[in-house]
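Trainee: I am new to this structure. Please take me through one part of it closely.

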Amino acid sequence: MSFLIRHISHAADGREIVRTATVAGDRIVIGRASESDVHLADLAVEARHAQVEQVAPGRIVVTLIDGVGFDLEGRSVARAEIDADHGGELRIGGHRISIGRDGDAVSLSVARVAEAARSRDEATLFTLRGLLPGKRISAWGYALLILAAFLAWPIYSFATYQGVKERPAGFQADQSWSSGKLSLAHAKLENDCQACHQQPFVAVRDDSCIACHDDAHQHAPAARLAAARAEPDLAGKARLMVAGAFNRPQWRCVECHIEHEGAKAMPPTPQRFCADCHDGLDKRLTDTAILNASDFGTDHPQFRPAVLVRPGGPHPLVRRVSLDARPVENNGLKFPHALHLSKTNGVARMAQTMMQEQGFGQSLVCKDCHVPDATGTRFQPVAMEKDCAMCHSLAYDEVGGTIRTLRHGQPAQVIADLRAYYRSSEPARPINLGGMARRRPGDAPAARTVADYAAAASFRPSRADEAIRAVFSKGGACYDCHSVDVPNHGSSDFRIRPVTQLGRFMGKGWFSHDAHRTESCESCHAAPKSDSANDLLLPGIATCRECHGGESARADVPSSCAMCHDYHADEGAPWLARQRAARDKGRRNHPAGRRDEGSGVRGK
């Protein structure tokens, strides 16, 4: 058994279109569902509306499955029997189904009733055309409403409050032009648009920024900046033309310091603003000494620290030298780090004797002498009196329980004190400032008297000149740490060469030790292997790249130019470094973010 299904439709010119399908079997389903054997796209038809079954040759039974029924010969029924030889007509929704016989098959001819009229009715069934104005009137009305609400009203609001110090509280119409909240740094200007937007339809000018940031300065002279910038590509030139047409001049403050990005810290300057000039800079500024750089991870020169060439004075002579050249510095000291950081020599045993008094460990470590400054960024200068004298004593006499010491840093005063010591007559106890005659580290002055020092001395001068020579010669208190200028034979005018400790080697960049407090000193500085004070114990760029990559690198610490460099460079930290430090400080102060990190101060 089979069914022959004909779908009849009409073209726009009235031609009849018939699509035929044959379904084998003795049962078919009529419905709106796409999988129905007779698919009727009509909202009045259920998904499975009726079933047509051939119960005997030529005998058809139509049964309602779901819905309100169907019409048979004008009567609404839920079940109907039809003789295929005589035929019958069903009406389901907006469709007419004629049932008959076509050879051995039962035929169903499906046609939509008044198809064109019904299509028009469905198109207007849910329309509100009669209740609203026409499309043209609506379009013009909405356009005028938008212009009034977002152009005329804001202009009026801006003009009304022009020159007013403080605008009234509440919503002002020109706030609809704002693209977002101001950053936390400018939050106090949230209700004072005129502080930056001083003229209607004029982009923010640098004068508005400098009115508050009067200490900001140019990165370089304006002519040099203009010459350093790379020529924009075709797309860049097009953007400049559009910006010029809308009165937006190039190279304003706000191009780097982006505002209205949300109530948070102002986002750092993207790296591309730096690369615009510093990528290929030597080709545009042929006289520059600045090396090309565009990305820390892939295109950045080796560090060039300021290395001491001649110490002393308020302005010691320094020279920038690449670390690839393995530079050495002349700081005026004789200080072998390896000797003081050894874990097995006499210095380590000295540290053990002072473990309780000074808080040392089994040997000296970096923090025993290098104490962070108040900012945690750098370190306080190493001073003889607080850092060295505990081991390298300058005591030479005891008067009534008071220990007399030589004046550190004043060689002329040292010579005068020694001459005064021997002035009247030869002392009962000779002076003890040579080699082994020093006070044992860790002992208080009262624990071992000067007489004890004298008894242990290998050299006991009896005259002032000999004592002075002993202090400034090999094995003496001054000679071991300082470079001494020896006078002509017979003279006692010894001089100490100047000493300078640089507090900052990277004058053009920024580095914070506080940000690296979780790392050990030896992971970056090879101090335990340094046998000379002239060794420049600075890590190269390869060491930094073990953690730091470029701005978009997949590294432990993606690092943009702004992390270490500031456009408005000064002695302070770059803006991004200050923001990071403030965020880290807040995290450490929060109870959930605290952790035991140690202060790095001796004895703690």
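Are Tyr421 and Tyr422 buried or exposed? Please start there, and then show me what lies around them.

Mentor: Keep in mind that this is a predicted model. Tyr421 is buried, and Tyr422 is buried as well. For Tyr421, the relative accessibility is 12%. The cut-off for buried is under 20% relative accessible area, so Tyr421 falls within that class.

Now look at the rings. Tyr421 and Tyr422 make an edge-to-face aromatic pair. Their centres are 5.2 Å apart, and the planes meet at 80 degrees. Tyr421 has another ring partner, Tyr396. That pair is edge-to-face too, with 5.6 Å centre to centre and 80 degrees between the planes. Where do these two residues sit? Tyr396 belongs to strand S15, residues 395-399, while Tyr421 belongs to helix H12, residues 411-421. The pair therefore ties together parts that are 25 residues apart in sequence. Tyr396 is buried, with a relative accessible area of 3%. Put the three tyrosines together: Tyr396, Tyr421 and Tyr422 make up one aromatic cluster. The structure as a whole holds 4 aromatic pairs.

Rings also meet charges here. Arg229 lies over the face of Trp251, 4.0 Å from the ring centre. Arg545 lies over the face of Phe296, at 5.7 Å from the ring centre.

Next, turn to the sheets. One is an open sheet of 7 strands. Its order is S2-S1-S12-S11-S10-S7-S8, and its pairing is mixed. Strand S2 (16-24) and strand S8 (75-77) are the edges, each pairing on one side only. From one strand to the next, the twist averages 25 degrees. Follow S1, residues 2-10, to its neighbour S2: they pair in the antiparallel sense over 9 bridges. Phe3, for example, has Val23 in S2 as its bridge partner.

Another open sheet has 5 strands. Read its order as S4-S3-S5-S6-S9, again with mixed pairing. Here the edge strands are S4 (38-39) and S9 (79-83), and each pairs on one side only. Inside this sheet, S3 (residues 27-31) and S5 (residues 50-56) run antiparallel, joined by 4 bridges. To find the place, look for Ile30: its bridge partner in S5 is Ala50.

Finally, go back to your starting point. Tyr421 and Tyr422 are both buried, and Tyr396 joins them in one aromatic cluster.

Methods
Residues numbered from 1 in each chain as written. Predicted model: local features only at pLDDT ≥ 70, side-chain atom pairs only at ≥ 80, totals over all residues. Heavy atoms only, no water. Pairing = 2+ DSSP bridges. Helix = DSSP H or I, 4+ residues; strand = E, 2+ residues; numbered from the N terminus. Axes fitted to C-alpha atoms, helices over the stretch in contact; angles between N-to-C directions. Phe/Tyr/Trp six-rings, centres within 6.5 Å; stacked < 30°, edge-to-face > 60°. Buried < 20%, exposed > 50% of the residue type's maximum accessible area, 1.4 Å probe, protein only. Lys NZ or Arg CZ within 6 Å of the ring centre and 35° of its normal.
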